[in-house]
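Here is a short report on one protein model. Have the coordinates open as you go through the sections below.

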Amino acid sequence: MKREDVLWAVASFLGGVALLAVGIYQHRWAPAPLFAVPLAITCLGVAVRRSRPLLALGLGVVAFAGDFAMGFSMGTVIVVTDNFYAAVRYGPRVLGRWMLGITSIFAVVAGVTAGILMREVGMAAVILVQCALVGTTPVITGMIIRQLEDQAAAERARAEQVARLAELDRAAAVQAERARMARELHDMIANHFSAIAIQSTAVLSRADLDGDTVRAVLGSIRENSLQGMTEMRTMIGLLRRDDEEAEAVRRRVAEAGELAERAREAGLEVRFQVDGEARELPAPVDLAGYRIIQESLTNVLKHGGKAADVVVGYRPGAVTLTVDNPLGDADHRHSGADTGTDVVMSAGAGIIGMRERVALVGGELDAGPYGDGWRVRALLPTEGLA
């Protein structure tokens, strides 16, 4: 028995005794103290209403029958309604349908019987309504409350399932982006080692080369080796899938103007600007910067944007990439944030991939509402890559 049910049972018994004390009962042959027996029985059903709902129903039926045999006690009848309600709410699901039918039939039979015996239609209606209030109403109330609780539990389960699916989608997006980066880096490293193989083969096949030429070739081999090792370190920890076609061409930030031109052809007004003196960037930074601009412009087109400002800034030891969508479109505002179920369930998951690329080269990324529009800004270091 639960503590709160026991306290409620005690309070119900004291309330019923108080009603008996003020004379709210009708007796045929039994004195008033005897009505306390069915009252105690039905209050015991209150004490076990949640732990033993079928027992509470049985105790309520026994108490109601005993009380009716002696006459009528308001306290017992009121507590019996709680027994019926608890049985429907906490008992087997099928019990509610059975009790609804039984109490409805009982109310009709009691009303008709009273009308026949008393030869009065008005009394038949009164008895029918009273029996319905005592039996049918608590049953219907219990069924409604239980249905509402089941709906709430189903909604909670659905919300948890959606959250799990969102997390799986997010993990899949991260994995796909890492696999794509691994393939791109693999192709660049293959280029370095191909150059090393070609140059070393040339040195070995030529016996007439002088010392300066050999040193120049060896220096080129060393440079390619160091660059290959640097880029190889960035691949550690990445997983690769072989079910997609890899791109053999290295993408560069210097080609961002071509991205802007293609976006213009798609109907987007792009204002492209280079701030600072363009220079050669490390391969991982080049790839990351190119993909960030590409994904940002794709997001603008995807979410109905009409214009975008792209600024590539070359700074000492870093390069900054800024893509502004100044339209302030409401849908676009919510398209890029990477926190929350709605975003993870969106089609692109582009910001997730951007963050992965920026994290790979040790940079910083900000994406979110800015002024009257949306801004994506990345800071990518060009020196001291791990």
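## The largest pocket

The largest pocket has a volume of about 1100 Å³. Of its 31 lining residues, Phe 64, Phe 68, Phe 106, Ile 127 and Cys 131 are the closest to the centre. A pocket here is an open set of points on a 1 Å grid over the protein atoms alone, where a 1.4 Å probe fits and protein lies on both sides within 12 Å along at least five of seven lines; lining residues have an atom within 4 Å of a point. The volume is the space filled by probe spheres set on those points, with points joined across faces, edges and corners.

This is a predicted model: local features need pLDDT of at least 70 and side-chain atom pairs need pLDDT 80 or more, while totals for chains, interfaces and linings use all residues. Residues are numbered from 1 along each chain as its sequence is written, and side-chain values use heavy atoms, with hydrogens and water left out.

## What lines it

Which elements build the wall, with at least two residues each? They are strand E1 (25-27), helix H3 (53-70), strand E2 (71-73), helix H4 (74-90), H5 and H6. H5 gives the largest share, nine residues. Helices (H or I, at least four residues) and strands (E, at least two) are DSSP runs, numbered from the N terminus.

By chemistry, the lining splits into 21 nonpolar, eight polar and two charged residues. For that split, Ala, Val, Leu, Ile, Met, Phe, Trp, Tyr, Cys and Pro count as nonpolar, Asp, Glu, Lys and Arg as charged, and the others, Gly among them, as polar.

## A nonpolar patch on H5 and H6

On the surface, Val 108, Val 112, Ile 116, Leu 128, Val 129 and Leu 133 make up a nonpolar patch with about 520 Å² of accessible area together. Helix H5 (93-118) and helix H6 (121-205) each contribute at least two of its residues. Patch members have over 30% relative accessible area and no salt bridge, and nonpolar side chains (Val, Leu, Ile, Met, Phe, Trp, Tyr) are joined within 5 Å. Areas come from the Shrake-Rupley method with a 1.4 Å probe, and for residues only the protein chains shown count as cover.

Take Val 129 as a sample: this residue sits in helix H6 and is partly exposed, at 44% relative accessible area. The bins are buried under 20%, exposed over 50% and partly exposed in between (1.4 Å probe, protein chains only).

## Salt bridges

How many salt bridges does the structure hold? There are 13, each one a side-chain nitrogen of Lys or Arg within 4 Å of a carboxyl oxygen of Asp or Glu. One of them pairs Arg 50 with Asp 5 (3.1 Å, N to O). Arg 50 is in the loop between helix H2 (36-47) and H3, and Asp 5 is in helix H1 (residues 3-21), so this pair ties together parts 45 residues apart in sequence. Arg 50 is partly exposed at 29% relative accessible area, whereas Asp 5 is buried at 3%.

Another bridge joins Arg 89 and Glu 149 (2.2 Å, N to O). Arg 89 belongs to helix H4 and Glu 149 to helix H6, so the contact ties together parts 60 residues apart in sequence. Then there's Arg 315 with Asp 275 (2.9 Å, N to O). This pair links strand E4 (residues 307-315), which holds Arg 315, to strand E3 (residues 269-275), which holds Asp 275, across 40 residues of sequence. Arg 315 is partly exposed at 33%, and Asp 275 is partly exposed at 32%. Elsewhere, bridges that share partners join Glu 4, Asp 5, Arg 49, Arg 50 and Asp 82 into one network.

## H12 and a loop further on

Helix H12 (residues 350-360) is mostly covered, with eight of its eleven residues buried. Among them are Ile 351, Ile 352 and Met 354, along with the charged Glu 356 and Arg 357. Just after H12, Gly 362 takes a positive phi of about 75°.

Further along, Asp 372 sits in the loop between strand E6 (364-370) and strand E7 (373-381). Is Asp 372 buried or exposed? At 63% relative accessibility, Asp 372 counts as exposed. Its C-alpha is 6.0 Å from that of Pro 326, although the two are 46 residues apart in sequence.

Conventions. Patches are made of residues with over 30% relative accessible area and no salt bridge: like charges are joined within 9 Å, nonpolar side chains (Val, Leu, Ile, Met, Phe, Trp, Tyr) within 5 Å.
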